[in-house]
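I opened my notebook to look up strands, salt bridges and surface in one structure. Here are my entries.

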Amino acid sequence: MPLADSSRAIGAVTALLGARLELLTNHNVTVGRPEPPNGNGGVGNPRLNLFLYEATFDPHLRNTPLDDGQPAPLWLVLKYLLTPFDDTGESDTGGAYAVLGDGLRALHANAVLPVTGLQATDQAALDPNPQRMRVTFNETPASLLSSLMQGTDEKYRFSIAFEVRPVMIAPAPAGDYALLIGIDYTAGGAPAANGGVGLAVEPTLGPTIDRVLPTTFTPGDPPVRIEGTELHLAGLQVQLGPVLLPLVRHADGTATFDPTTAALGGDVISAGSHGLALARTLANGRVRRSNLAVVNLLPRLASAALDQGALDLHGTQLGTDDEDDVIVALYQDGATVRLYDTIADAAGAAQTHRRVTLTPPALPAGTYRVLLRVNGQQARQSPEVTLP
């Protein structure tokens with residue numbers, strides 16, 4: 001779902017809570033300040049009332065972006081009061097307390113809120129939330145209830161407070177992406193002459209990987225070098241994510257593996273950061289693995305072309321609609337101009353053809369570079385497209 005839909009997340013969470021409470025308690029649910037008996041808008045009693053009395057920013061997720069280069073979303077903690085009313089509309093009776101108990105049990109059973117069964121707009125607002133929302137009960141002192149229920153039309157009503165977190169509202173601006181450092185774009189996205197920096201890894205028992213060079217590669221690149229100890233052991237293979245690749249040993253004590261396009265097809269592995277280990281099958285059938293090194297498998301964006309108001313992308317490891325986080329950005333004059341996060345699959349081999357609908361408002365005519373990021377990894381290639 002588009003991240004822009006998350007702007008309705010506060011109302012969608014409230015609707016989700018009301019739907020779950022009605023389903024599990026068989027009581028009516030109203031939303032708003034706890035009203036007097038005749039102020040319930042015609043909803044029959046007994047009932048439960050949800051009152052959103054406060055929203056705070058989640059301190060654990062503050063300034064945490066969904067992807068490097070994007071502004072951080074707003075991560076909210078929504079705080080509610082749950083107030084019961086009996087069949088006569090009173091809130092401080094034994095019957096009301098029984099209704100409250102039904103509501104507390106329903107919330108406790110939904111400590112991790114299932115985001116299902118909502119209206120289409122509410123569903124779209126909550127589907128982009130990357131973390132599951134959790135319900136937590138809070139202390140509800142008399143001072144809190146008294147401060148919330150003051151005024152001529154309000155009276156003290158026994159209630160229970162709880163919160164829902166984290167609720168995401170994604171930012172509206174386009175991401176602040178840029179061309180990759182160390183890439184020669186005039187040579188079709190080849191690494192620059194100064195190369196890259198290796199990643200040191202803590203060793204473990206058995207074969208140990210000290211360094212992988214380069215740590216970032218695309219299917220079809222030259223062989224990748226592995227340095228470490230105990231690389232001479234028989235039966236060693238390279239395990240890159242779910243894929244096993246042959247290991248070639250060399251006289252200087254190092255080893256290499258070939259990231260072939262055939263072995264790393266889009267039907268078995270996607271672009272992104274993957275764990276790389278040396279795996280050896282023992283005589284008893286068990287597999288013993290070395291320490292992990294983190295390597296980055298890049299997408300390859302071979303071409304981008306306009307076709308009837310859409311942008312056709314061709315290449316390899318372009319991501320999938322169901323499992324991968326794919327972002328396409330148009331870049332011009334040193335800045336990202338437009339960001340698209342809804343990319344459709346197109347006919348053809350796995351992850352080789354994707355299609356981006358250029359949603360309004362229309363961009364000014366001119367030449368733009370196309371930036372592609374799949375699961376946080378940006379393609380070295382950035383072809384140009386000219387918008388009329």
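Which residue in β14 stands opposite Arg-225? I looked, and the residue is Thr-256. I note at the start that this is a predicted model.

**Entry 1: the sheet around Arg-225**

I followed the two strands outward. Strand β10 covers residues 224-229 and strand β14 covers residues 255-257. Three bridges join β10 to β14, and the two run antiparallel. I then wrote down the whole sheet. It is open and has four strands, in the order β8-β10-β14-β13. The pairing is antiparallel. At the edges I found β8 (208-213) and β13 (248-249), and each of these pairs on one side only.

**Entry 2: a second open sheet**

I found another open sheet of four strands, in the order β18-β19-β23-β22. Here, too, I noted antiparallel pairing. The edge strands are β18 (300-307) and β22 (343-345), each with pairing on one side only. From one strand to the next, I noted an average twist of 30°. I looked up one pair in detail. β18 pairs with strand β19 (residues 310-316) over seven bridges, in the antiparallel sense. In that pair, I saw Ser-303 opposite His-314, which is in β19.

**Entry 3: strands β1, β2 and β3**

In which sense do β1 and β2 pair, parallel or antiparallel? I checked: strand β1 (residues 28-31) and strand β2 (residues 47-57) pair in the parallel sense, over four bridges. Thr-30 stands opposite Asn-49 of β2. Next I looked at β2 and strand β3 (residues 74-85). These two run antiparallel, and 10 bridges join them. Phe-51 faces Leu-81 in β3 across this pairing.

**Entry 4: salt bridges**

How many salt bridges does the structure hold? I noted 14. I looked up three of them, then a network.

I began with Arg-8 and Asp-5, whose side chains meet at 3.4 Å, N to O. Arg-8 is partly exposed, at 37% relative accessible area. Asp-5 counts as buried, because its relative accessibility is 17% and the cut-off for buried is under 20%.

Then I took Glu-54 and Lys-79. Their closest N and O atoms are 3.7 Å apart. Glu-54 lies in β2 and Lys-79 in β3, so this salt bridge ties together parts that are 25 residues apart in sequence. I found Glu-54 partly exposed, at 35%. Lys-79 counts as buried, at 19%.

My third pair was Arg-300 and Asp-221, with the closest N and O atoms 3.7 Å apart. Arg-300 lies in strand β18, while Asp-221 lies in the loop between β9 (216-217) and β10, so the pair ties together parts that are 79 residues apart in sequence. Arg-300 is partly exposed, with 28% relative accessible area. Asp-221 is buried, with 14%.

Last came the network. Salt bridges with shared partners join Arg-211, Arg-225, Glu-227 and Asp-252. I met Arg-225 in my opening question, opposite Thr-256.

**Entry 5: a patch on the surface**

Which residues form a nonpolar patch on the surface? I wrote down Tyr-97, Tyr-156 and Phe-158. Together they have about 280 Å² of accessible area. I looked up one of them, Tyr-97. Tyr-97 sits in helix α2 (residues 94-109). Tyr-97 is partly exposed, with a relative accessible area of 40%.

Key. Residues are numbered from 1 along each chain as its sequence is written. This is a predicted model: local features need pLDDT of at least 70, side-chain atom pairs count only at pLDDT 80 or more; totals for chains, interfaces and linings use all residues. Side-chain values use heavy atoms; hydrogens and water are left out. Patches are made of residues with over 30% relative accessible area and no salt bridge: like charges are joined within 9 Å, nonpolar side chains (Val, Leu, Ile, Met, Phe, Trp, Tyr) within 5 Å. Accessible areas come from the Shrake-Rupley method with a 1.4 Å probe; for residues, only the protein chains shown count as cover. A salt bridge is a side-chain nitrogen of Lys or Arg within 4 Å of a carboxyl oxygen of Asp or Glu. Buried means under 20% relative accessible area, exposed over 50%, partly exposed in between (1.4 Å probe, protein chains only). Two strands pair if DSSP finds at least two bridges between them. Axes are lines fitted to C-alpha atoms, for helices over the stretch in contact, and angles run from 0 to 180 degrees between N-to-C directions.
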